[in-house]
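Colleague: I've got a model open and I'd like to talk it through. Could you walk me from the whole chain down to a few residues?

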Amino acid sequence: MDGPKGGPEQALEADYLVIGAGAMGMAFTDTLITESDARVVIIDRACQPGGHWTTAYPFVRLHQPSAYYGVNSRALGHNTIDSVGWNQGLNELATAGEVCAYFDAVMQQQLLPTGRVDYFPMTEYLGDGRFRTLAGTEYAVTVNQRIVDATYLRAVVPSMRPAPYSVAPGVDCIAPNELPKFGTRNRYVVVGAGKTGMDVCLWLLRNDVSPDRLTWIMPRDSWLIDRATLQPGPTFIKQFRESYGATLEAIGAATSTDDLFDRLETEGTLLRLDRSIRPSMYRCATVSHLELDQLRRIRDVVRMGHVQRIDPTTMVLDGGSVPATPSALYIDCTADGAPQRPATPVFDTDHITLQAVRGCQQVFSAAFIAHVEFAYTEDAVKNELCTPIPHPDSDLDWMRLMHADLCNFQRWLDDNDLTDWLSSARLNLLADLLPPLSHKPRVRERVVSMFQKRLSTSSEQLEKLLGATATTTDQR
């Protein structure tokens, strides 16, 4: 077969063809290379590894501790505690620049030097193991094991597409990437209430923009995770275990969905911006108490649904119109950074589709899937261990996600070897809940058994609550 210029198609051979060098593709490949002798070809559209991080706004930071992000074999950051700023007292949060440099180092210093990884940036995947480079050269890969789709949960950030509403000529509506380039304005309108919207609000406040000059378009209020409950390391282990235990107790004691969320808020597991408004959204965003205090300084919060149109003097939303300032700067934060995709089998004959198998823990999930690929033989067993968990969107999705998490965790703990892997995996947020590998076998077995019973009790209660919620909804 000839390439686009009549030249022969180049042939490659590998055990795995990984499509996408974003965070999940990198985490999967890292575990694959670390735990096997497989040969891998990685292709990606971008000019460097890192996925959406390569086009993210410059002031973005991780919302979760750096210690839980990246690839299993290499730490991200220096495991330090922030001593200044609104994340003070908590584990460091890597910047976009740090994340991009990290993934580049993983590729250049760890994966490529093995001699078992070939990396092709700036390529277009053509299907059937074929791809085209920037130069126009086409390659056909003979894949001995599987093609790995690391793009199924591809994140979309505002810089990747235009605003999804009409904007009148002369109105400045920008992606967050452009915000640092603009001079001062008398009013800033932040459109979107997710992680990006919070980041933009905090960046403006951090740069001494008065909260009185901010308007925040918030289609839905969100339940937020208290970042202090998700901290790694020996300093926080007691707090982490108590918080997780309190969450299980809240589930067990809840008599209804509303009662459950009230209990979770009382225990400090979940937070909300406005205590007078019950949130209907949950997207796994984390926040510190100092950040939440700052966000609460913004008083002009418009809760009238999504923006439909921005005119020079009027902003039209689902629920009506509000006056607008012609000189205002609108910052579009509405892109779906973590889209809800339907669950599909992770392992399917000669393909692997990377998905979250623990709620909102994509890089851990990718590393886990790679480990399962080599630790087990039958795809049926692999798929049972790797039950996908779609990204949440609504408050009820917190319950569905938690239920799926508990069920998956119970399955994993049935296997001693898998439990050992989980205990030592750097990316495993829940590693501190497991007994150390040095524990005597009988002691470990007893501890794990007791923990499984707690997980089972909580998952059964969540099933009841979800069933009752479904019945109530149907009756309406």
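Modeller: Sure, we'll start with the overall fold and then go into some local spots, bearing in mind that this is a predicted model.

Colleague: What radius of gyration does the protein chain have, and what would a compact globule have?

Modeller: The chain runs to 476 residues, and a compact globule with that many would come out near 23 Å. The C-alpha trace spans about 65 × 60 × 50 Å along its principal axes. The two radii agree, because the protein chain itself has 23 Å.

Colleague: How many helices and strands are there in the protein chain, and what share of its residues is buried?

Modeller: The secondary structure comes to eleven helices and 20 strands. Among contacts with a separation of 6 or more, residues 24 or more positions apart account for 73%. As for burial, the share of the 476 residues is 55%.

Colleague: And the surface: what part of the exposed area do carbon and sulfur atoms supply?

Modeller: The protein chain exposes about 21,000 Å². On the charge side, there are 45 positive and 58 negative side chains, with the centres of the two sets 5 Å apart. Carbon and sulfur atoms supply this much of the exposed area: 50%.

Colleague: Let's go local. In the open sheet of three strands, which ones stand at the edges?

Modeller: The order is β12-β11-β13, and the pairing is mixed. Each edge strand has a single partner, so one side of it is left without a neighbour in the sheet; the two are β12 (270-271) and β13 (281-287).

Colleague: Which residue of β13 stands opposite aspartate 226?

Modeller: β11 and β13 pair in the parallel sense, over four bridges. β13 is mostly covered, with six of its seven residues buried. Opposite aspartate 226, in β13, stands valine 287.

Colleague: Is alanine 228 buried or exposed?

Modeller: Alanine 228 sits in the loop between β11 (222-226) and α4 (237-253). Leaving out residues up to four places away in sequence, alanine 228 touches Leu90 and Gln239. Its relative accessibility is 17%, and the cut-off is under 20%, so alanine 228 counts as buried.

Colleague: How far is the C-alpha atom of alanine 228 from that of serine 288?

Modeller: Along the chain, alanine 228 and serine 288 are 60 residues apart. In space, their C-alpha atoms are separated by 6.7 Å.

Colleague: Over to helix α5 then: which of its residues are buried, and what is the phi of the glycine that follows?

Modeller: Helix α5 covers residues 257-267, and its buried ones are Thr257, Asp259, Leu260, Phe261 and Leu264. α5 is followed by glycine 268, whose phi is positive, near 90°.

Colleague: Which residues is arginine 263 in contact with, leaving aside neighbours within four places in sequence?

Modeller: Arginine 263 has its place in helix α5 and is partly exposed, with a relative accessible area of 32%. The C-alpha atoms of arginine 263 and alanine 250 are separated by 5.6 Å, with the two positions 13 residues apart along the chain counted as their spacing. The contacts of arginine 263 are Ala250, Ala253 and Ala254.

Definitions and conventions. Residues numbered from 1 in each chain as written. Predicted model: local features only at pLDDT ≥ 70, side-chain atom pairs only at ≥ 80, totals over all residues. Heavy atoms only, no water. Rg over C-alpha atoms; globule rule 2.2 N^0.38 Å. Buried < 20%, exposed > 50% of the residue type's maximum accessible area, 1.4 Å probe, protein only. Contact = heavy atoms within 4.5 Å. Areas by Shrake-Rupley, 256 points an atom, 1.4 Å probe, with all protein chains shown as cover. Lys, Arg positive; Asp, Glu negative; His and termini not counted. Charge placed at Lys NZ, Arg CZ, Asp CG, Glu CD. Pairing = 2+ DSSP bridges.
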